Amino acid sequence: SILLVSVFLVSCDPADFQRALDTLGESTVLSDADVSNGLKEALHNGVGAGVDYLSQTDGYYRSVYRIVMPDEAQQVIEKLKIIPGFDKVEEEIILRVNRAAELAASKAKPIFTKAIKQMTFRDVWDILMGEQNAATTYLHTNTYSDLYKEFQPVIVESLNQYGALDYWTQAVNKYNSLPFVKQVNPYLEDHITKMALVGLFDMIEQKEVGIRTDIK
């Protein structure tokens, strides 16, 4: 029932869920505000945990959300591996790229918080009655543009901080100087920003599915 779902969502704690079950016989009725606040708190906690995970050191780099190079970059990497000084180019650039994403992820929480606070009761109801990823879809629709705008400058700044852009530009320029190769573009910012957001929303979806699964 919506009552059980709402009570449980406030904390996502199985012990609290059991207590909610124990009170089924009581005449406890939740208002629309209770239902709305319960879901919003659950989303706030779940999203916050996901953001905290990805923004810690190795949150991207040593997880399933690890950002890899775009397909076009692979031809550069393969060619450069045989050139002295560039034998570890792939792992080096991937490390720096993921460090940039981890720093950018720390900027996501206020944007999500704003979107969650702005949910109407209609939004809440649609999420509760919707698909397994209904909340994630809502957040994606209402935050992606703002997140991209917030992430990209941080990505660029962080890439510069870790020397990734200079390192990659140097590698690409070296590749482009080789005979008989198709020239490639050294710019990585858009690819990294998009992949960082893919990982972020996938993490949020996993949190949402976990909440819904625990309720059943």
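**Exercise 1.** Which residue forms a salt bridge with Lys109, and how far apart are the closest N and O atoms?

*Solution.* Keep in mind that you're looking at a predicted model. Start with the general idea: side chains of opposite charge can pair when their charged atoms come close. Here the partner is Asp52, with the closest N and O atoms 2.8 Å apart. That is within the 4 Å cut-off, so the pair counts as a salt bridge. Next, place the two residues: Lys109 sits in helix H6 (residues 109–117) and Asp52 in helix H3 (residues 32–55), so this pair links distant parts of the chain, 57 residues apart.

**Exercise 2.** Are Lys109 and Asp52 buried, partly exposed or exposed?

*Solution.* Buried means under 20% relative accessible area and exposed means over 50%. Lys109 comes out at 29%, so call it partly exposed. Asp52 has 42%, so it's partly exposed too.

**Exercise 3.** Find the salt-bridge partner of Glu91 and say where each residue lies.

*Solution.* The partner is Arg66, with 3.0 Å between the closest N and O atoms. Glu91 belongs to helix H5 (residues 89–105), while Arg66 is in the loop between H3 and helix H4 (71–80). They're 25 residues apart.

**Exercise 4.** Work out how Arg99 and Glu102 are placed in their helix, and whether each is buried or exposed.

*Solution.* These two form a salt bridge, at 3.0 Å. Both are in helix H5, and because they're 3 residues apart, about one helical turn separates them. Arg99 is buried at 17%, and Glu102 is buried at 3%. Through shared partners, salt bridges join Asp58, Arg62, Arg99 and Glu102 into one network.

Technical notes:
Residues numbered from 1 in each chain as written. Predicted model: local features only at pLDDT ≥ 70, side-chain atom pairs only at ≥ 80, totals over all residues. Heavy atoms only, no water. Salt bridge = Lys/Arg side-chain N within 4 Å of Asp/Glu carboxyl O. Helix = DSSP H or I, 4+ residues; strand = E, 2+ residues; numbered from the N terminus. Buried < 20%, exposed > 50% of the residue type's maximum accessible area, 1.4 Å probe, protein only.
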